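This report concerns a metal site and a loop residue. The sequence and structure are shown first.

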Amino acid sequence: MQLSLALASLAAVVSRLPQVSAHGGVLSYKFGSATYQGFVPYNTPVGQSSIQREWDTYNPITDPTDPSLSCNINGATLAEQLSATVAAGTQVTAYWNAWPHTIGPVMVYMAACPSGCTNADTSTLEFFKIDQAGLISGDLVTGLWGMGELVQNNNSWTSTIPASLAPGEYMIRHELLAIHTSDQPQFYPECAQLILTGSGTSTPSSSYLVTFPGAYSASDPGVTIDIYSNENETNYTIPGPAVWSG
Ligand SMILES: *[C@@H]1O[C@H](CO)[C@@H](O)[C@H](O)[C@H]1NC(C)=O
Ligand SMILES: *[C@@H]1O[C@H](CO)[C@@H](O)[C@H](O)[C@H]1NC(C)=O
Ligand SMILES: *[C@@H]1O[C@H](CO)[C@@H](O)[C@H](O)[C@H]1NC(C)=O
Ligand SMILES: [Cu+2]
């Protein structure tokens, strides 16, 4: 009796695992040599203290105009929200779970928080892209993608915060766009707060700035795409604005 109960509860746990492990998100960050743990999804936010905004599911967002596209579901400010203090020009590494997908681009954005990032409504922030990698080599199906490079590199992605970027409070937004299914795109956005230091004076002009939702549409060639019916193509158009490098 006790054993069958234990087996039943084990089966209940195991049945939830495939869903969880099929996708994922950013679990931790490194800014320079400082490591920061991310929010722990599938756990209560009560008592969690992190530089990352809350995110509640490993599942992707599949609508490019979803209201949660800025900072995932639910993207809330934590009661014990932290921000990482980082100098402009620092390398930032985001570490994902054991990432299961290798087809699609990696994009990294930042946005100034004019009234501070804590409690900022992330759908109103104006994001600019600081880094991206789409189809690096080969064709759409068998080629090397940014996401494949991420998997090869310990499920991590390293970018440099533009050295000339003016100091202030910023949101940093890492995003994977998995396009291995031909029916719908899979967006995995993750946000963390930082306080940027330095003596830079540059900020991106309006042509580099986008909001989420707003930056993408279903008609973008890189968003709605059936790679399998274009398997021999070697070009891919990464969605969103051009990269601003300072
Ligand atoms: C690989 O990633 C994990 C975090 O997922 C990190 O703890 C570890 O230091 C990384 N290994 C290397 C060699 O960077
Ligand atoms: C891709 O190229 C291969 C080899 O030339 C060919 O057999 C295949 O039909 C092509 N695929 C498409 C979708 O055109
Ligand atoms: C590749 O380029 C061709 C010609 O410009 C275009 O028609 C096609 O949509 C592009 N493919 C992708 C996947 O962006
Ligand atoms: Cu997945």
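The text below treats the metal site and then the loop residue.

The model is predicted: local features need pLDDT of at least 70, side-chain atom pairs count only at pLDDT 80 or more, and totals for chains, interfaces and linings use all residues. Residues are numbered from 1 along each chain as its sequence is written, chains are lettered from A and ligands numbered from 1 in the order in which they are written, and side-chain values use heavy atoms, with hydrogens and water left out.

**Copper site.** Ala22 (O), His23 (ND1), His101 (NE2) and Tyr188 (OH) are the protein donors of the copper ion (ligand 4), at 1.7 to 2.7 Å. Donors are N, O and S atoms within 2.8 Å of the metal (3.2 Å for Na, K and Ca); water is not among the atoms, so sites may look incomplete. The spacing of the donor residues in sequence is A-H-x77-H-x86-Y. Ala22 and His101 are 79 residues apart. Ala22 is partly exposed, at 29% relative accessible area, whereas His101 is buried, at 10%. Buried means under 20% relative accessible area, exposed over 50%, and partly exposed in between (1.4 Å probe, protein chains only).

**Loop residue.** Asp139 is buried, with a relative accessible area of 18%. Its C-alpha atom is separated by 9.2 Å from that of Ile227, 88 residues away along the chain. The table lists backbone nitrogens and their distances from a polar atom of the Asp139 side chain.

| Backbone nitrogen | Distance to Asp139 side-chain polar atom |
|---|---|
| Val141 | 3.0 Å |
| Thr142 | 2.7 Å |

Technical notes
Polar contact = N/O pair within 3.5 Å; in protein donor to acceptor, adjacent residues only side chain to side chain. Helix = DSSP H or I, 4+ residues; strand = E, 2+ residues; numbered from the N terminus.
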